[in-house]
Amino acid sequence: MMGKVKLPRSAGSRRTRLAAVGAGALIAGGLAFSPVAFGAAAPPKYPAADIHKPSPMPDRVILTPTTTPSTGQKVTWRAVTDAESAQAEILEAPRALGGVAPPAGAVTNVKAISTTPVNTTLGYASVYHTVEFTGLKPNTRYSYRVGDGTNWAEWSDFTTAAADLQPFSFIYYGDAQNYIDSAVPRVFRQAFAERPQAKMIVNAGDLIDSANSEEQWGQWYKAAGFIDSQVNNLSIPGNHEYSGGLSTFWRPQFPYPDNGPGNPELKQTAYTVDYQGVRFVGLDSNVQSNAALMAAQATWLEGLLKDNPNKWTVVTFHHPVYSTTGTRNNPAVRDQWGPLFEKYGVDLVLQGHDHSYGRGNVATARKSVTVNNGVAYVVSVSGGKMYALNNGENWTGNGAEVVSKSQNTQLYQLIDIEADKITFEARYANGEHHDGFVVRKNGKGERTVNELRTAENTVGEQVTVDKTTVDHRGELTVSAYGYDPAERVSVSLRKADANARGKDSVSVDVRDADELGRLTYTFRVPSNLKKGETYVVHLDSANQKITSPAVTVNEK
Ligand SMILES: [Fe+2]
Ligand SMILES: [Fe+2]
């Protein structure tokens, strides 16, 4: 990059100038690089009004889910056109388009509903148009385009949800908010490159910095580009989507289901979508000072959790139950919603606001070194504005623990839903692994949250024993976590003296871990163990070789 920079001859040696430019860029925090003059005066800044001005050609094309995502789909876009002309065409995704005409009758034309004009801060107003496709087939790929009958966007494809639980992936982002036109796009694009088949993008608020900035919304759409035209977007507002009220862009852009608690203030900021075996619940945490709106959401939330036919539940809102940054604290969220997440076993709570990363659970959920059985609470950030981590006191001071944290890192999260497990992974903007875990749940609703095994993560599990002294031929119960489902485990006893390992190993049995990766096994200690001698229980399997604390065989 620097090798291409042309330098003025008069200003010292070439080497000195290069060093100076490099230092300047670093001093600027690595975020806003200093402008480098090539000799002439700096060019004028291209006006935002010219960059983001609408035209008859559709832009800002985005999919949002309906309450029946297996048979319906909404698409919204912006264009200068009259309400009578805005429309979409849809057909089952053909093998070719362009020179190949679809069969007669294959294309359905749907008229749009258009909003009243939004925002004039850049000297123009924008009109958004929404089409709701209905009567679609489940789990079926469609091609559609939006336009005015003359000026059309390109064809884009989406696949409807399956009617029941089927594996799918979604992406989750914390606050984009800042540097949307510089640092955010690479995050969005990297995530999409790794989960191009994702069915949903969840944004936990603060998508932009200034609620009613036409320029920032324009940047936000450009950051994702075509991705939003083929992946459903499930966003809830953060405090930065509010400025003397909800952003005037929110409802025109995001026509989410009107199925929230019923308060007009929460229309399309608190809503729910059942998607292919997952109940997504979006809450509006910006109303914490309004007791009535918080209570209304709590009541509504409890109804959704109590009577939930879906295997998995994902809740998203902006202000974290446990804050990772500074002295931030959201007691209303924690006290009114937190107990419901725990009571009904929500799987993932996805949050933002703190501009750092934190993941953890209530402390009482800890089962072993790497396994807990609690709700997974996550805070993350996708944009370039960063806050320093606190010491986890908002977690530990409220009965929770932080398992993974990070600061000064832009992240995206990939979540893979399957029938028996959810795999969650957080990665940095450059694609490197940061954090991950696997949630497993059985038919009884029992759950384990297991640390994701990676090359870097080989933290040892331990075998738990129910007693540290055992009678000769007495019973001993061992338990351990962290296995793959049905992983085969050899159980043996070894002399605790490390020098004796191998020579004095007594095999007991081979057992299988259960469907949640747990092993509990009660056995009678073999008669050839020596009285007065101290042993450890050793569990040997493909994924872990672990031992128990010392167990002494009683003298009599
Ligand atoms: Fe934020
Ligand atoms: Fe925020």
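Lys-495 comes out as buried in this predicted model, since its relative accessibility of 16% falls under the 20% cut-off. Its salt-bridge partner, Glu-533, sits on the other side of that line: at 27% relative accessibility, Glu-533 counts as partly exposed. The two side chains meet at 3.8 Å, N to O. As for where they come from, Lys-495 belongs to strand E27 (residues 488-495), while Glu-533 is found in the loop between strand E29 (519-524) and strand E30 (534-540). The pair therefore links distant parts of the chain, with the two positions 38 residues apart in sequence.

Salt bridges that share partners also build a network, and one of these takes in Asp-59, Arg-60, Arg-78 and Glu-214. Within that group, the side chains of Asp-59 and Arg-78 meet at 2.8 Å, N to O. Asp-59 lies in strand E1 (residues 59-64) and Arg-78 in strand E2 (residues 73-78), so this salt bridge ties together parts that are 19 residues apart in sequence. Here again a buried residue teams up with a partly exposed one: Arg-78 has a relative accessible area of 1% and is buried, whereas Asp-59, at 25%, is partly exposed.

Things look a bit different for Asp-466 and Lys-467, whose side chains form a salt bridge at 3.3 Å, N to O. Both partners are partly exposed, Asp-466 at 43% relative accessibility and Lys-467 with a relative accessible area of 29%. Altogether, the structure holds 27 salt bridges.

Turning to the strands, one open sheet has seven of them, in the order E12-E13-E14-E15-E18-E16-E19, and the pairing is mixed. Strand E12 (271-275) and strand E19 (400-406) are the edges, each pairing on one side only. From one strand to the next, the twist averages 15 degrees. Helix H6 (residues 291-306) packs on this sheet and touches E12, strand E13 (278-282) and strand E14 (312-316). The direction of H6 makes about 175 degrees with that of E13.

At the E19 edge, the neighbour is strand E16 (residues 357-362). E16 and E19 run antiparallel and are joined by six bridges. One of the residue pairings here involves Arg-359, whose bridge partner in E19 is Ser-404.

Note on methods: Residues are numbered from 1 along each chain as its sequence is written. Chains are lettered from A and ligands numbered from 1 in the order in which they are written. This is a predicted model: local features need pLDDT of at least 70, side-chain atom pairs count only at pLDDT 80 or more; totals for chains, interfaces and linings use all residues. Side-chain values use heavy atoms; hydrogens and water are left out. A salt bridge is a side-chain nitrogen of Lys or Arg within 4 Å of a carboxyl oxygen of Asp or Glu. Helices (H or I, at least four residues) and strands (E, at least two) are DSSP runs, numbered from the N terminus. Buried means under 20% relative accessible area, exposed over 50%, partly exposed in between (1.4 Å probe, protein chains only). Two strands pair if DSSP finds at least two bridges between them. Axes are lines fitted to C-alpha atoms, for helices over the stretch in contact, and angles run from 0 to 180 degrees between N-to-C directions. Contact means heavy atoms within 4.5 Å.
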